[in-house]
Amino acid sequence: MSDYSIAVIPGDGIGPAVTSASEETVAAVADRFGFSVETTAFDWGTERYLDRGAMMPDDGLDRLAEFDAVFLGAVGHPDVPDHVTLHGLLLPIRKGFDQYICKRPNVLFDGIESPLRGYEGGDIDFVVYRENTEGEYADIGGREHAGFDHETAVQSALFTWRGTERIVRAAFEAATERAGTLTSVTKSNAQAHSMVFWDDVVAEVGEEYPEVSVERILVDAAAMDLIRRPDEFDVLVASNLFGDVLTDVGAQVTGSMGLAPSGNIHPGEAYPSMFEPVHGSAPDIVGEGVANPLAAVLSWSMLFEDLGEDDAAAALWNAVADQLADASAPRTPDLGGDAGTEAVVADLRD
Ligand code: GGG
């Protein structure tokens, strides 16, 4: 019997609520499939920052490195600028553990109504491979001449061949597995250096995958087409920023941000991967007990898959799908219902 040790960082806002609700479900599924999950909670986040000046301790990465995987709830607090919280917790983990694949599935489940007319459950099913360690999220830049009318800010994006090649290759592998199309998203008409470089990488790696048909699309057209023809997408590969923006569009066309899971994946043994719902800390609903826990549950499913527990991952994913397909099952307000977080996971466990 395998025993997995998972680091859990509930974080801010609704993070603790969706984390604890999803953990209850996960333990039961693990038990059913003959393995155990031992979780260790870390109270890192903005409360710690307000108290002690840092979102996590100096040796935070060393401590997380001991675990098989990391689960994170949410980051962000109305009293602290978002760049402070993001750069204090989420981004150091993604970069420090070289989690270069951000995998974000976008699925329209049976029983869920898309805001787009004419789409039913099963019609939309694409996955975004977002580059997760460099690009526009590179911490390169600065500000000069504060207080003058010539105050200046510089923010540089970083695209390395290695960094681009490995996310593009991961996306080609996914497209091969799904026997699908790969859509590469850029802005290479305007960004003639970095994005043409990206196109070059896609062309070179693509030579190794002649069976995968490749579509190149500009990010503005991609945003439009994810609304106009979301059913035609299969695997998308995009830079750090573009991937982040497009997956919010994807979450909306598939019904709710409350159903969008993600994995920050470091393939291989060197570091743990981290799984998190795509949504943020949602300060507007904190404490109301209505946060949708299903994005967190689906993120645990991705975590199990990453550990090689495919049957448990499928059981968890299918339990969510079955619940959503049942019109009489409890739903949180983001899905048009009036149920609370706990009622949704209680129903899932039954
Ligand atoms: N669930 C984690 C979370 O709170 N994410 C909020 C966020 O703003 N993430 C930015 C990003 O994924 O780049």
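Two strands count as paired here if DSSP finds at least two bridges between them. Keep that in mind for the strand stops below. The model on screen is predicted.

**Stop 1: strand S12**

Select residues 273-277, which form strand S12. Five of the five residues of S12 are buried, so the strand is largely enclosed by the rest of the structure. Now check the side-chain directions. Ser273, Phe275 and Pro277 point one way from S12, and Met274 and Glu276 point the other way.

**Stop 2: the strands beside S12**

Add strand S11, residues 261-265. S11 and S12 run antiparallel, joined by four bridges. Pick out Pro261: Pro277 in S12 is the residue it stands opposite.

Next add strand S3, residues 69-74. S3 runs parallel to S12, with three bridges between them. Label Ala69, whose bridge partner in S12 is Ser273.

**Stop 3: the ligand**

Which residues surround the ligand? Select Leu72, Ala74, Val75, Gly76, Leu86, Asp244, Glu276, Pro277, His279, Gly280 and Ser281. Strands S3 and S12 are the elements that give two or more residues to this shell. Colour the shell by residue class: five are nonpolar, four polar and two charged.

**Stop 4: the two domains**

Colour domain 1 as 1-102 plus 259-350, and domain 2 as 125-253. Their C-alpha centres lie 25 Å apart. The contact between them takes eleven residues from domain 1 and 13 residues from domain 2.

Stay on the domain 1 side of this contact. Helix H4 (82-96) and strand S4 (101-107) are the elements that give two or more residues to it. H4 gives the most, with three residues. By class, this side divides into six nonpolar, two polar and three charged residues.

**Stop 5: the largest nonpolar core**

In soluble globular proteins, nonpolar side chains tend to be buried together. Here the largest nonpolar core has 94 residues. Select Tyr129, Ala171, Val235, Leu236, Val237 and Leu316, the residues with the most contacts inside this core. Then show helix H9, residues 294-306, which gives the core its largest share, nine residues. Where does the core lie relative to domain 1 and domain 2? Both domains give residues to the core, so it lies between them.

**Last stop: Leu236**

Centre the view on Leu236. Leave aside its neighbours within four places in sequence. Leu236 is then in contact with Phe126, Val128, Tyr129, Thr183, Val185 and Leu246. One of these, Tyr129, is also on the list of residues with the most contacts inside the core.

Technical notes: Residues are numbered from 1 along each chain as its sequence is written. This is a predicted model: local features need pLDDT of at least 70, side-chain atom pairs count only at pLDDT 80 or more; totals for chains, interfaces and linings use all residues. A residue is near a molecule or strand if its C-beta atom, placed from the backbone, lies within 6 Å of it. Ala, Val, Leu, Ile, Met, Phe, Trp, Tyr, Cys and Pro count as nonpolar, Asp, Glu, Lys and Arg as charged, and the others, Gly among them, as polar. A nonpolar core is a set of buried Ala, Val, Leu, Ile, Met, Phe, Trp, Tyr and Cys residues joined through C-beta atoms within 7 Å. A residue is buried if 20 or more other C-beta atoms lie within 10 Å of its own, exposed if 12 or fewer, and partly exposed in between; C-beta atoms are placed from the backbone. Domain bounds come from an automatic or database domain assignment. Two residues are in contact if their C-beta atoms, placed from the backbone, lie within 7 Å.
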